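Hello,

Here is the structure we spoke about. Please open it alongside this note.

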Amino acid sequence: MRNKEMLLVPGPTPVVDEIYDALASETRGHTDPRFVNIYKNAIEQTKKLFQTDGEVFVIAGSGTLAMEMAIVNTVGKGENLLVISHGYFGDRFIPLATAYGIHVEVLQAEWGKQIEVSAVKAKLAEGNFKAVTITHADTSTGVVSDLDALVPVIKKAGALVILDGVVATAALDENMSKEYNHPDYKLDVVLTGSQKAIGVPPGLAIIAFNQSALKARKALGTIPAYYSDITNWIPVMNDPGKYFATPPVNLIYAYEVAMNIVLDEGITKRAARHIAYGRAIRAALFTYGMVALAEEAVAAPTLSCLLYPAEIEDGEFRAKLAEKGVIVAGSLAHLAGKAFRIGHMGNTTPVMLEEAVKIIGESLNELGKSVDIEAAILRLKEVLAVTTK
Ligand SMILES: *Cc1c(COP(=O)(O)O)cnc(C)c1O
């Protein structure tokens, strides 16, 4: 491992050497057939990951660009969008859509809780919603959305389902050919970025549109976008030798390698692995007197937001961890200073989780809270063993 620190923030996530090697490969022209073949393969891999019969886009940008692409290509000015928000990233769709003159309605969950499906049903009954956004896992709260409950309700109301998978894609099931209770009830748009569960450094926006979403784009005609307009990218995605805007050549090399890792492991195994990671790391940290913001039943497999025991100060705690080479994130909005967030996704390994539990324990002990590190590691291993069976 080339990494000197353990990057356990909820994105970017640890980059493995194979991916660094790919990044450092010789930069070629974007129309060089050797690069074009790699780009083609990267697009095919993305279609396979999402199991979509529609179009996928892998372009320079971050997750937020993919969010913007999802909205501007499906919802027109003056049309209605419903935002289901489980935190900071769910909320991001509000100013984004508002900037394009879209009428936004919001269902905001109390941080740490899920929105009730009955509330979604009631809201959808009120109006004519073109689309509904769901954040698969909200990175501010560590709450996961219940797609099995939400998707049928939204599709029944005739709206498009836009899924923000930025901290979920490649770790949780987002199969776009999956039928949610009815042959026509499927995910319409799924979007992500390269730096979370895919394990590539930041810099790629990745998004898939199914046939219904592509139809919605067509029906809009001209849209107030250029780089984000999928119409400009479809010819390139179908033939990556064509030019619209220069692709980030080296990131595409890295992404292709990362997607080989993802597809070789397979999404079923990856999903089970992430569920195990989430349960195990939380169980271990609970032994230190920490409490997760989200109850276990709604907790995300990819990251956790943990409230500090009373005597622990955020800045001191994270600085201590950083000295020992473990990087975790602070919390957002009203939770700043009261909780930290730890990512456990992508190419993170059980050995890293064990090391993190050990170093967190050592740091707590040095800060005057007496914790039993061995017991915590035992708990981690127990839960990992049970959930990966
Ligand atoms: C990180 C994140 C985003 C934003 O992605 P950027 O790459 O930072 O633009 C959006 N949604 C979720 C759920 C995220 O975790």
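Below are notes on two pockets and one sheet.

This is a predicted model: local features need pLDDT of at least 70, side-chain atom pairs count only at pLDDT 80 or more, and totals for chains, interfaces and linings use all residues. Residues are numbered from 1 along each chain as its sequence is written, and side-chain values use heavy atoms, without hydrogens and water.

**Pockets**

A pocket is an open set of points on a 1 Å grid over the protein atoms alone, where a 1.4 Å probe fits, with protein on both sides within 12 Å along at least five of seven lines; lining residues have an atom within 4 Å of a point. The largest pocket holds about 480 Å³ (the space filled by probe spheres set on the points). It has 21 lining residues, and His136, Val144, Ser145, Ile275 and Pro301 are the closest to its centre. Helix H11 (267-286; a DSSP run of H or I, at least four residues) gives the most to this lining, with five residues. Domain 1 (17-264) and domain 2 (266-387), with bounds from an automatic or database assignment, both contribute to the lining, so the largest pocket lies between them.

The second largest pocket has a volume of about 220 Å³. Its lining has 14 residues; Asp53, Lys186, Asn210, Gln211 and Ser212 lie nearest the centre.

**Sheet**

Four strands (DSSP runs of E, at least two residues) form an open antiparallel sheet, ordered E11-E12-E15-E14. Strands E11 (291-292) and E14 (329-330) are the edges, each pairing (at least two DSSP bridges) on one side only. Alanine 292 stands opposite leucine 306 in E12.

Best wishes
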